Amino acid sequence: NNGDALLTFVPASEDRVEIGVLVTAPKRADDYFVYGAEIDEDSGMTSTVWSSYAYGDSNRDREQQIDASDVIDYASAIYHLRWNPPTTTPRMTIWDMGKTYPVEVEPLKPRKRNIGGKKIRVRGYEIRGVKIKGEPTFDDKFFLYFADDAQSTPVEIVGKRSLVKVRFQLVA
């Protein structure tokens, strides 16, 4: 029922940055989920994505080079929405465990959220699947919230992935 998430932004070679999200649970010491991406900072394009998990007796690792400029994954969505916030509802493609799906990114109205016991002003985005005939549908949905400050600090991620609902909040 609870766990930890670590969000990292690490400079890489050739004007690139690696973004990673590691999710663990203290009660399940060997289980984890990792989502990661490498972004070209000049173009903003996601160049590589990867994900990995171990859950009980199941585990899987995926990595893929990306050639399309509109492809994001869970980690690169945080980067893109943090530094290039859309004002309309753009359509993008999300990569998830080796498959891609059409999604929309809807900007939400600015609001205050209770983060770490304090009410702070945030801007948020809903990422949801789009039904297109003949294409697979992204059934998950997630929300990203950033502090309305100069650093656009990521403060909350709320999502539904298959049968699992998660909520990560900045605590420090």
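**Cores, helix α1 and Asp-96**

User: How many residues are in the largest nonpolar core, and which have the most contacts inside it?
Analyst: This is a predicted model. Its largest nonpolar core has 31 residues, and Leu-81, Ile-94, Ile-127, Phe-138, Phe-142 and Leu-144 have the most contacts inside it.

User: Which elements give two or more residues to this core?
Analyst: On the strand side, β2 (16–25), β3 (28–40), β6 (71–72), β7, β8 (99–107), β10 (118–129) and β11 (141–147) do, and so does helix α1.

User: Where does the largest share come from?
Analyst: From α1, with six residues.

User: What does Leu-81 touch, leaving out residues up to four places away in sequence?
Analyst: Leu-81 contacts Pro-86, Val-105, Arg-123, Tyr-125, Ile-127, Leu-144 and Phe-146.

User: Which residues are in the second core?
Analyst: That core is separate and has six residues, among them Ile-115, Val-122, Tyr-145 and Val-155.

User: Back to α1. How many of its ten residues are buried?
Analyst: Nine; the helix spans residues 74–83 and is mostly covered. The buried ones are Tyr-74, Ala-75, Ser-76, Ala-77, Ile-78, Tyr-79, His-80, Leu-81 and Arg-82.

User: Different topic: Asp-96. Buried or exposed?
Analyst: Asp-96 counts as buried because its relative accessible area is 10%, and the cut-off for buried is under 20%. The residue is found in strand β7, residues 91–96.

User: And which residues does Asp-96 touch, beyond four places in sequence?
Analyst: Asp-96 touches Tyr-74, Tyr-101, Phe-138, Asp-140 and Arg-161. Of these, Tyr-74 is one of the buried residues of α1, and Phe-138 is among those with the most contacts inside the largest core.

Terms used
Residues numbered from 1 in each chain as written. Predicted model: local features only at pLDDT ≥ 70, side-chain atom pairs only at ≥ 80, totals over all residues. Heavy atoms only, no water. Buried < 20%, exposed > 50% of the residue type's maximum accessible area, 1.4 Å probe, protein only. Helix = DSSP H or I, 4+ residues; strand = E, 2+ residues; numbered from the N terminus. Contact = heavy atoms within 4.5 Å. Core = buried A, V, L, I, M, F, W, Y, C linked by side-chain atoms within 4.5 Å.
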